Amino acid sequence: PFFNQLRNVQQLGYTVGVRIASVISHRQVIQFYVQGTRDSEYLAKRVQMFIKDYLRTLKNYDEKALKHLIGSIVDAEVARQSNKAKAVSALWSQIAHGELCFLQGQPLIDCLNSITRKDLVQFWLKYICDGAASDLTCVDVHL
């Protein structure tokens, strides 16, 4: 949704995306980024507006569509786990970081299958939505 809204609908930049990045002490951050020709303050405001507006979308998300989306994510995870080269690489990465868990695949799939719209809204409010998020640290980087 982020890419479609900011890249295709609003045409804000030629590089638009969301990714999860690991930072110090294995903390993870959600990174929204837009690279384009408009000034960086304008782009940052549009990202913030998307984040606030998307809360409304989550609150109204159709349960059947959510189950279909989660099923697609589960299918992708099952396919990822069945790729032996990637699985071995992930396990060695865990061993190197002292966080080995051989049984992580099925618990992840079970967790994904249990997600509800309410869970998504609560997550969005707690970690993402500026002004409402209790555990949010927002950093804007303008280059």
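Buried residues account for 22% of the 143 residues in this protein, and the coordinates examined here are those of a predicted model. The accessible surface of the protein amounts to about 10300 Å², with 56% of that area belonging to carbon and sulfur atoms. Turning to the fold, the protein contains 6 helices and 2 strands, which are arranged along the sequence in the pattern α-β-β-α-α-α-α-α. When contacts between residues at least 6 apart in sequence are considered, 51% of them join residues at least 24 apart.

A useful place to enter the interior is the largest nonpolar core, which has 14 residues and in which Val 34, Ile 51, Tyr 54, Leu 55, Leu 58 and Trp 124 touch the most other members. Two helices, α2 (40-59) and α6 (117-128), each supply at least two residues of this core, and it is α2 that gives the most to it, with 7 residues. Another core lies apart from this one and consists of 5 residues, including Leu 66, Ile 70, Val 74 and Leu 112.

How are α2 and α6 placed with respect to each other? Their axes come within 9 Å and cross at roughly 165 degrees; because angles over 145 degrees count as roughly antiparallel, α2 is roughly antiparallel to α6. The crossing of these two helices is left-handed. On the α2 side, the contact is made by Ile 51, Tyr 54, Leu 55, Leu 58 and Lys 59, while α6 contributes Arg 117, Leu 120, Val 121, Trp 124, Leu 125 and Ile 128.

Comparing the two descriptions, Ile 51, Tyr 54, Leu 55, Leu 58 and Trp 124 are among the residues that touch the most other members of the largest nonpolar core, and these residues also take part in the contact between α2 and α6.

Conventions
Residues numbered from 1 in each chain as written. Predicted model: local features only at pLDDT ≥ 70, side-chain atom pairs only at ≥ 80, totals over all residues. Heavy atoms only, no water. Core = buried A, V, L, I, M, F, W, Y, C linked by side-chain atoms within 4.5 Å. Buried < 20%, exposed > 50% of the residue type's maximum accessible area, 1.4 Å probe, protein only. Helix = DSSP H or I, 4+ residues; strand = E, 2+ residues; numbered from the N terminus. Contact = heavy atoms within 4.5 Å. Areas by Shrake-Rupley, 256 points an atom, 1.4 Å probe, with all protein chains shown as cover. Axes fitted to C-alpha atoms, helices over the stretch in contact; angles between N-to-C directions. Parallel < 35°, antiparallel > 145°, perpendicular 65-115°, else oblique. Left-handed = near helix turned anticlockwise from the far one by under 90°.
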